[in-house]
Amino acid sequence: MSTDFSIRPVGIPAPVQIITTSNAAANEAVQTDLPVSQTVAASDTSAAARNDLQSTNDSVSRQVVFNQPAASFVFQIVNERTDAVVDQFPDEAMLRRRAYFHALDMKSEPPRPLSTDRSA
């Protein structure tokens, strides 16, 4: 199998004649210049947007917990003053789905026999 995926032109490109048409409706259209009070300007780009949580709220902590029913780790951002979870990954709906499927997996597995090794 070839790993060369580049596209190469075949032959000489044919010249294309550009035809301009005059449209009467376009020629008689209303002027589109707006007064200064109605124009839109670009926003100030000097103040860059920040995406880090520490700059907006210094009273948060990050923690990792293990969710037993879902059998997965949960990454949380917690408000230190109220101990409320600000954000977490995976979210609650995903944890419920994982817990449901984990329970189904555990239910479908045959029970393991206890070890009866008495030689020790």
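This report walks through a predicted model of one protein chain, from its overall layout to a few local details.

## Overall layout

The protein chain has two helices and three strands. Along the sequence they follow the pattern α-β-β-β-α. The strands therefore sit between the helices in sequence order, since elements are numbered from the N terminus.

The chain has 120 residues, and 11% of them count as buried. It exposes about 11,600 Å². Carbon and sulfur atoms supply 57% of that area. Contacts were also sorted by sequence separation. Among those between residues at least 6 apart, 15% join residues at least 24 apart.

## Strands 1 and 2

Strand 1 covers residues 60-67, and strand 2 covers residues 72-79. The two run antiparallel. Eight bridges join them. One of the pairings links valine 60 to asparagine 79, its bridge partner in strand 2.

Strand 2 is mostly covered. Six of its eight residues are buried, which means that each of the six has under 20% relative accessible area.

## The first hairpin

Strand 1 and strand 2 form a hairpin with four residues between the strands. Alanine 71 is found in this loop. It has a positive phi of about 55°, although it is not a glycine. Alanine 71 has 38% relative accessibility, so it counts as partly exposed.

Alanine 71 also touches strand 1. Phenylalanine 66, in strand 1, is in contact with Ala71, Ser72 and Phe73, leaving aside its neighbours within four places in sequence.

## Strands 2 and 3

Strand 2 pairs with strand 3 as well. The sense is again antiparallel, over four bridges. Strand 3 spans residues 85-89. Across this pairing, phenylalanine 75 stands opposite phenylalanine 89 in strand 3.

The hairpin of strand 2 and strand 3 has five residues between the strands. Aspartate 83 is found in that loop. Its phi is positive, about 60°, although aspartate 83 is not a glycine. Aspartate 83 has a relative accessibility of 61%, so it counts as exposed.

## A nonpolar surface patch

Val64, Phe66, Phe73, Phe75 and Phe89 make a nonpolar surface patch. The patch measures about 560 Å². Strand 1 and strand 2 each supply at least two of its residues. Phenylalanine 89 comes from strand 3.

Two patch members show how open the patch is. Phenylalanine 89 has a relative accessible area of 59%, so it is exposed. Phenylalanine 66 has 43% relative accessibility, so it counts as partly exposed. In a regular strand, side chains alternate between the two faces of the sheet.

## Aromatic pairs

The structure holds two aromatic pairs. One joins phenylalanine 66 and phenylalanine 73. Their ring centres are 5.1 Å apart. Their planes meet at 70°, so the pair is edge-to-face. Both residues belong to the nonpolar patch.

Tyrosine 100 and phenylalanine 101 form another aromatic pair, also edge-to-face. Here the distance is 5.3 Å centre to centre, with 65° between the planes. Tyrosine 100 counts as exposed because its relative accessibility is 51%, just past the cut-off of 50%. Phenylalanine 101 has 49%, so it counts as partly exposed.

## The cis bond after strand 3

A cis peptide bond joins phenylalanine 89 and proline 90. Its omega is about -5°. Proline 90 lies in the loop between strand 3 and helix 2, which covers 92-108.

Phenylalanine 89 thus appears in several parts of this account. It is found in strand 3. It stands opposite phenylalanine 75. It helps to make the nonpolar patch. It also takes part in the cis bond.

Methods. Residues numbered from 1 in each chain as written. Predicted model: local features only at pLDDT ≥ 70, side-chain atom pairs only at ≥ 80, totals over all residues. Heavy atoms only, no water. Pairing = 2+ DSSP bridges. Patch = residues over 30% accessible without salt bridge, like charges linked within 9 Å, V, L, I, M, F, W, Y side chains within 5 Å. Areas by Shrake-Rupley, 256 points an atom, 1.4 Å probe, with all protein chains shown as cover. Salt bridge = Lys/Arg side-chain N within 4 Å of Asp/Glu carboxyl O. Buried < 20%, exposed > 50% of the residue type's maximum accessible area, 1.4 Å probe, protein only. Phe/Tyr/Trp six-rings, centres within 6.5 Å; stacked < 30°, edge-to-face > 60°. Contact = heavy atoms within 4.5 Å.
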